[in-house]
Amino acid sequence: MYALVTVQETELGAYMGFNNFLYLLNDALSNQHLDLALDSVKTFRAADLADVLTQLPLENSQLLLQHLPDRAYVFSYLAPEVQVRFANVLARQTLAEIVGEMSSDKRADLFKNLNKQQQNALLPALAQAEREDIRLLSSYVEGTAGAIMSSEYATLKPELNVKEAIIMLRLEAPDTETIYFAYVLDEARKLLGVVSLKQLILAPENQNIADLMATNIVSAFVETDQDEVAKTIARYDLLALPIIDHQGVMVGIVTYDDAMDVASEEATEDFLKAGAVNADSKLSLKFAPILQLYQKRVYWLVFLVFGSLLSGLGIAHFEDIIAAHIVLVFFLPLLVGSGGNAGSQSATLMVRALATGDVHFKDWFYLLGRESLVALLLGGTMAFAVSVLGYFRGDEMVALVLALSMLTIVMMGCLIGMSLPFILNRFGMDPASASAPLVTSICDATGVLVYLFIASRLLF
C-alpha cells in the first residue's frame, strides 16, 4: 500500500507536485482504494476539493464525490456546467440525495441549469418539501432578488422571551443558512422585526422578543434587481437582507456571500462588455463550445467593421490634401489613436461612476463642463508635444495643424466617451455597452474627419 501526499503539504505545491498528487489520487480511485483516496483529501477545504474534482476523469471524480462526507457543500462550489455534467452521470437517487443536502438557493440554481428531461427525472426523487421549495425559487425571474434568495432562515415569534427564543434557535439552526440574525414574524408570516444573536445572548432571559427586536428593517422585494440587492447589503454592511412580497410577507433572505457572487457576476459582465463581448458572466473560456465563443464575439466585431468604414470614407474625401502633403499620413495614427484613448478613459470612468451610483443623469451637464476643462488641459498638453514633432517632421504650418487637430480630437474623444454611457443609460440600455472598441471606433472616424478638415483649411 502506498501513501498520498496532500496538496496542502506543498502549499498547493509546485506545479509538478500537484500533478503528482492528482496522478496518485486518480490511481487510487481507479484501483478502488477509496479509503486511501478519502484519507488523502480529508483536510481539504470544499472549494479546493471542487478544483481537484475538475482535474480528474469524470468516472473517478464521480466516485470520489459520492463518498465525500460533505459532498453537497463541495458540489455547490463546482461551476454550473460542471454540475450539469455530474448530473448526467450520477445515479438519480444519488443526485437527489446531494441536491437534498444543498442549500435552497444553490439547489434552485442547479435545477434551473438542468434541461427539462433532467428536471422531470430529479423531482420525483426529492422529498415533497424540497420539490415545492425548488418550484417556488426557480419560478422567480432571473436577475431578481427572488432568483438568488434562500428560503432557509431563522424565525421567531414576538411573544417569546429570550430564553425561549434561544431554545427555538437551537432547534432551527441545523436547517438555516445563518442564525446570526433571526426574523420576527407574525402568524401571517409578515415581517415585524429582526433580532441578532448577540442581542439574545446579552439580554435578560425574561425579556420579550417584541421589546428587543429592531423594527427599522432594511429589506427588498422579490422582484428587486439583484444588483440593487448587492448594493443594499454593501451600503448597510449586512450579513443578510430579508426579502418580502408586497404584502410584507417574508419569503427569503439574500446573504452577503450571495451578494458577493452577484457583484462578481456584474463586474464580469461589465468587463466583457468593455471588450465588446456579448455579456455572460457564466461564460467559461475553458469549457465553452467554440461556436458559443464565436457567437459571443462576432456581432460587435462585424458592427465595428462597418463603423470603421467611416474613417475610410473620410480619407477618400480628403485624398487631394493627403497627396499634396504626404507628411500628414505619418501623424494620422497618432492623432486618431489619441482621441480613442482619451474617449476610452472617459467612458471607463463614467461607466464605473454610473454603476456605483456616484453620478446620475441629472448630473450630465455639470459633468460635461468639468470634463470639458479636463479635456482642454489634456488636449493642450498633447497638442504641445505633437506640435514639436510636427515642426521637425514638416514645418510651422504642419505643427499648427497638428496642435489644433490634437486639441480638438482629444476634447471630442473625452466628451463622446463621457456622454455615450449617459445616453445609453437614459434609454434603458446598459452603459457598459459603451465599450472601449465602440468608443474608439466613433472617435477614430471623427478624428480622421477633424484632422483632415483642419489640414485642408490651413494648408491649401
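How many of the six residues of strand S3, residues 191-196, are buried? Five of the six are, so S3 is largely enclosed by the rest of the structure. Before I go further, please keep in mind that what we have in front of us is a predicted model, and that everything I describe this morning is computed from that model.

Let me stay with S3 and move outward to its sheet. S3 belongs to an open sheet of three strands, in the order S1-S2-S3, and the pairing in that sheet is mixed. S1 and S3 stand at the edges, each with a single partner strand, so one side of each is left without a neighbour in the sheet. For S3, then, we have a strand at the edge of its sheet that is nonetheless largely enclosed by the rest of the structure, because five of its six residues are buried.

As a general reminder, the strands of a sheet pair through backbone hydrogen bonds, and they may do so either parallel or antiparallel. Here, strand S2, residues 181-185, is joined to S3 by five bridges, and the two run antiparallel. If you want one pair to locate on the screen, take Leu-185, whose bridge partner in S3 is Leu-191. The hairpin of S2 and S3 has five residues between the strands, and within this hairpin Arg-189 takes a positive phi near 65°.

On the other side of the pairing, strand S1, residues 155-156, is joined to S2 by two bridges, and these two strands run parallel. The pair to look for there is Leu-156, which stands opposite Val-184 in S2. As for S2 itself, four of its five residues are buried, so S2, too, is largely enclosed by the rest of the structure.

Just ahead of S2 there is a residue I would like to point out, namely Thr-178, which is placed in the loop between helix H12, residues 162-172, and S2. Thr-178 counts as buried, because its relative accessibility is 15%, and the cut-off for that word is under 20%. Its side chain reaches the backbone nitrogen of Tyr-180 at a distance of 3.3 Å.

A comparable contact is made by Arg-71, which is found in helix H5, residues 71-76. Arg-71 has a relative accessibility of 11% and therefore counts as buried, and its side chain reaches the backbone oxygen of Gln-66 at 3.2 Å.

Now to the other sheet I want to describe. This is an open sheet of three strands in the order S4-S5-S6, with mixed pairing. Strand S4, residues 220-221, and strand S6, residues 250-255, stand at its edges, each with a single partner strand, so one side of each is left without a neighbour in the sheet. S4 and S5 pair in the parallel sense over two bridges, and Ala-220 stands opposite Ile-243 in S5.

Leading into S5 we come to Asp-237, in the loop between helix H15, residues 226-236, and strand S5, residues 240-244. The phi of Asp-237 is near 55°, a positive value in a residue other than glycine. Is Asp-237 buried or exposed? Asp-237 is exposed, with a relative accessible area of 72%.

Gln-32 also has a positive phi, of about 65°, although it is not a glycine. Gln-32 sits in the loop between helix H1, residues 15-30, and helix H2, residues 34-40, and with a relative accessible area of 54% Gln-32 is exposed.

Let me finish with a pair of helices, H20, residues 364-393, and H21, residues 396-426, whose axes come within 7 Å and cross at roughly 150°. Because angles over 145 degrees count as roughly antiparallel, H20 and H21 are therefore roughly antiparallel to each other. H20 passes H21 in a right-handed crossing, and the residues of their contact divide into 23 nonpolar, six polar and two charged.

Within H21, I would draw your attention to Met-406, which is buried, with a relative accessible area of 2%. The C-alpha atom of Met-406 is separated by 8.8 Å from that of Gly-447, and these two residues are 41 residues apart along the chain.

Note on methods. Residues are numbered from 1 along each chain as its sequence is written. This is a predicted model: local features need pLDDT of at least 70, side-chain atom pairs count only at pLDDT 80 or more; totals for chains, interfaces and linings use all residues. Side-chain values use heavy atoms; hydrogens and water are left out. Axes are lines fitted to C-alpha atoms, for helices over the stretch in contact, and angles run from 0 to 180 degrees between N-to-C directions. Angles under 35 degrees count as roughly parallel, over 145 as roughly antiparallel, 65 to 115 as roughly perpendicular and the rest as oblique. A crossing is left-handed if the near helix is turned anticlockwise from the far one by less than a right angle, and right-handed if clockwise. Ala, Val, Leu, Ile, Met, Phe, Trp, Tyr, Cys and Pro count as nonpolar, Asp, Glu, Lys and Arg as charged, and the others, Gly among them, as polar. Buried means under 20% relative accessible area, exposed over 50%, partly exposed in between (1.4 Å probe, protein chains only). Two strands pair if DSSP finds at least two bridges between them. A polar contact is a pair of N or O atoms within 3.5 Å; within protein, one must be able to donate a hydrogen and the other to accept it, and residues adjacent in sequence count only if both atoms are side-chain atoms.
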